[in-house]
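Work through the exercises below with the sequence and the structure open. Each task is followed by its solution in steps.

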Amino acid sequence: MPPEKPPSGADTLLRALKDQGVEVIFGYPGGAVLPIYDALFQQNAIRHILVRHEQAAVHAAEGYARSTGRVGVVLVTSGPGATNAVTGLVDALMDSIPVVCLTGQVPTHLIGNDAFQEADTTGITRPATKHNYLVKRGADLARVVHDAFYVARSGRPGPVVVDLPKDILIGPAPYAPPSDAPHRSYRPTTEPDPAAIARAVDVLAAAKRPIIYAGGGVINSGPEAAALLTEFVHLTGFPCTNTLMGLGACPASDPAFLGMLGMHGTYEANLAMHGADVMFNIGARFDDRVTGRLNAFSPGSIKIHADIDPSNINKNVAVEIPIVGDAARVLRALLAEWRRRPAAPDRAALTAWWRQIDQWRARDSLRFTQKHAPGAIIKPQYAVQRLYEICRDSGRDTFISTEVGQHQMWAAQYFKFEKPNRWMTSGGLGTMGYGLPAAMGVQIAHPDALVIDIAGEASILMNIQEMGTLAQYRLPVKIFILNNEYMGMVRQWQELLHGSRYSESYSSALPDFVKLAESFHATGLRAKTVDELDDVIHRMLAIDGPVIADIAVDQKENCFPMIPSGAAHNEMILGPEHAGSAAAVTDEGLMLV
Amino acid sequence: MTRASHDQTHTISVLVDNESGVLARVIGLFSGRGYNIDSLTVGVVDHDRGLSRINVVTTGTPMVIEQIKAQLDRLVPVHRVTDLTVQGPHVAREMAVVKVISTGENRVEGLRIAEAFRARVVDTHVGSFVFELTGAIDKIDAFIELMRPLGLAEVSRTGIAAIMRGAATI
């Protein structure tokens, strides 16, 4: 019998993906990756979703990853395929989303020759990824692919690029299964130091005005971490706030939940952060959107910071008690230590603290006024609130993605999340065009769920081509456009900071979104006045297919509350519903973004 | 806790996989995050295990120095990050080759200074010398300053190689 021919690189690649549990790839073909597409054609284990733009492939993989906790996989060709993916990669890097992106490359002997569709992909994506690889020998291929998945999902998750020259894909590449041996250099700490846990409990148990500040690290750690967080909140009786990335970590309906904090967070969350004497940050990174002016951020608190990435600790804010570890493990250790003692916090002080928080809550910082007369204009807040209420009443498992801007903040404020992994938004990078492809990825992972992209009319146009993908795969994603005919957040900043000079922020020459939906084989709906809103939402949910609902909202509405750039938490602007609140923007603040 | 603002200089040794792109990752980290590089050297130190050692001298506030170490440590091909300045006494040595073009009095004076600095003459021509000098950074700086009025023409420096004193290893 002749010796068995070794498998090709493309075959070995697919086998490695299967062994990593990959079921879906989001991709777009091209010359350099044709061998992979040929191998995909000849198998059934891995499903390929053909997107319309490589950026969308990465966002779709992010949506898939964020809603499932699994690694999202992308396949793009060399040159422009890879460069188009870069925005998605940086988005995943900033938000710590596990993605493996396979990029085609010109054959090894042409690398560096300015060949057709050649780009220095590893060079370009080095600062855009957690790690990247260029496979130069078939013998390395299987090991590198397994390594890429390990790196993407371990520690603080992130995007990993594997650059695959065409000759490696065609030539022989012996298969090797994933290894159980520890990684030779990358072994992040996940188990917290018991001494740090003990010190944290010492401080937490003595707190008089505590606050728990939970971020995306709790979501990334898995649903168990969110359950443990809620358990810890109940056990301690402490108030809890979530970052934009952490929404769903603590149920929105929990009485101890203060809402989101930060630039557009609630009054009670921000003032509690400002007035706290002990802060426990778990899985958040003191982003500038959360802290406001650093030297006035939570000035009187002893800070405990638990993070899986040591480089996040003491980066922006100096903390007294650092804890390096996975969120679920940290919370489990804290719960055990708290119960072992058992810790007895100062209940009288806590009661006084809650009384203070309830006074802040009574300001009702998210209040808005919706006129209900027939023909009245729709307030964007009301549109999101009704969408939330109708989704909740439908009893369906609902996943929300967003684009970036005012609508994103209104979605974060008015859509209430009871569970983790239901909220997909571009937090760190703030990528317009994220929501539609992310919703696609979510719907692929959860075919029976209700998946809604809350969008703005400007952002949605940035990846509108993905309507074609929705049609091809019959993905019943609902696109709920808060259409104010402005890049609303730009307009808001121009109003507040630049003397109402609305430079280039008007969304001119908009398409007819109803006809646009129809041309992409979807259903288009429109609500122009408040009396039409509920009916449009009900019809949107009832349609078994993709829908664009174009909701005309108040063009002048601004997103409040707001901490102006360079201001502190106790200098929030509360908006027109609340008289007598204003913070001037300083010259220094004007320089910030 | 307040942010200490005074700058400190630290010598950091980083053990990395000897693979293509690893130096670019380290340099890119420094430029991308706005950290200083005062000196940087790299060389293979263990062929069997495929390890290289990068020695970097950097300046920043204590918070920035801690950030630099944490950021280096999270790079996938990095095995170990050691702050020699914190670890205790260490030796940090640099080599320089220095070309001096001079005749007459200056030539004699140059040779005399070179002897005092234990610099070796590695190339001699009628009108020029090339000196080779090893030592701490400030010693090399001092030598170069002394040579400047005597016909200093060109300098090439290696950057530092550093190691802990005594039996301790990184």
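**Exercise 1: a parallel sheet in chain A**

Task: Find how strand β7 (residues 210–214) of chain A is joined to strand β10 (residues 278–282) of chain A, and place both in their sheet.

Step 1. The two strands run parallel and are joined by five bridges. Helices (H or I, at least four residues) and strands (E, at least two) are DSSP runs, numbered from the N terminus. Two strands pair if DSSP finds at least two bridges between them.

Step 2. Ile212(A) has Phe280(A) as its bridge partner in β10(A).

Step 3. The open sheet has six strands in the order β9-β8-β7-β10-β11-β12 (chain A), and the pairing is parallel. At its edges stand β9 (257–260) and β12 (321–324) of chain A, each with a single partner strand, so one side of each has no neighbour in the sheet. From one strand to the next the twist averages 15°.

Step 4. Helix α8 (residues 194–205) of chain A lies across β7, β10, β11 (302–307) and β12 of chain A, and runs at about 135° to β12(A). Axes are lines fitted to C-alpha atoms, for helices over the stretch in contact, and angles run from 0 to 180 degrees between N-to-C directions.

The model is predicted: local features need pLDDT of at least 70, side-chain atom pairs count only at pLDDT 80 or more, and totals for chains, interfaces and linings use all residues. Residues are numbered from 1 along each chain as its sequence is written, while chains are lettered from A and ligands numbered from 1 in the order in which they are written.

**Exercise 2: two packed helices**

Task: Describe how helix α3 (residues 54–68) of chain A packs on helix α4 (residues 80–94) of chain A.

Step 1. Their axes come within 7 Å and cross at roughly 30°. The helices are therefore roughly parallel to each other, a term for angles under 35 degrees.

Step 2. The residues in contact (C-beta atoms, placed from the backbone, within 7 Å) include Val58(A) and Glu62(A) of α3(A) and Ala85(A) and Leu89(A) of α4(A).

Step 3. By class, five residues of this contact are nonpolar, six polar and three charged. Here Ala, Val, Leu, Ile, Met, Phe, Trp, Tyr, Cys and Pro count as nonpolar, Asp, Glu, Lys and Arg as charged, and the others, Gly among them, as polar.

**Exercise 3: a covered helix**

Task: How many residues of helix α1 (residues 9–19) of chain A are buried, and what covers them?

Step 1. Nine of the 11 residues are buried, that is, 20 or more other C-beta atoms lie within 10 Å of their own, with C-beta atoms placed from the backbone. Among them are Asp11(A) and Arg15(A).

Step 2. The cover includes α2 (34–41), β3 (72–76), α6 (141–153) and α7 (166–170) of chain A.

Step 3. Just after α1(A), Gly21(A) has a positive phi of about 80°.

**Exercise 4: chain B and its contact with chain A**

Task: Summarise chain B, then its side of the contact with chain A.

Step 1. Chain B has five helices and eight strands, in the sequence pattern β-α-β-β-α-β-α-β-α-β-β-α-β.

Step 2. Of its 170 residues, 26% are buried.

Step 3. The contact takes 19 residues from chain B and 14 residues from chain A. On the chain B side, α1 (22–32), α2 (62–73) and β4 (78–83) each give two or more residues, and α2(B) gives the largest share, six residues. This side has seven nonpolar, six polar and six charged residues.

Technical notes: Buried ≥ 20, exposed ≤ 12 C-beta atoms within 10 Å, placed from the backbone. Parallel < 35°, antiparallel > 145°, perpendicular 65-115°, else oblique. Contact = placed C-beta atoms within 7 Å.
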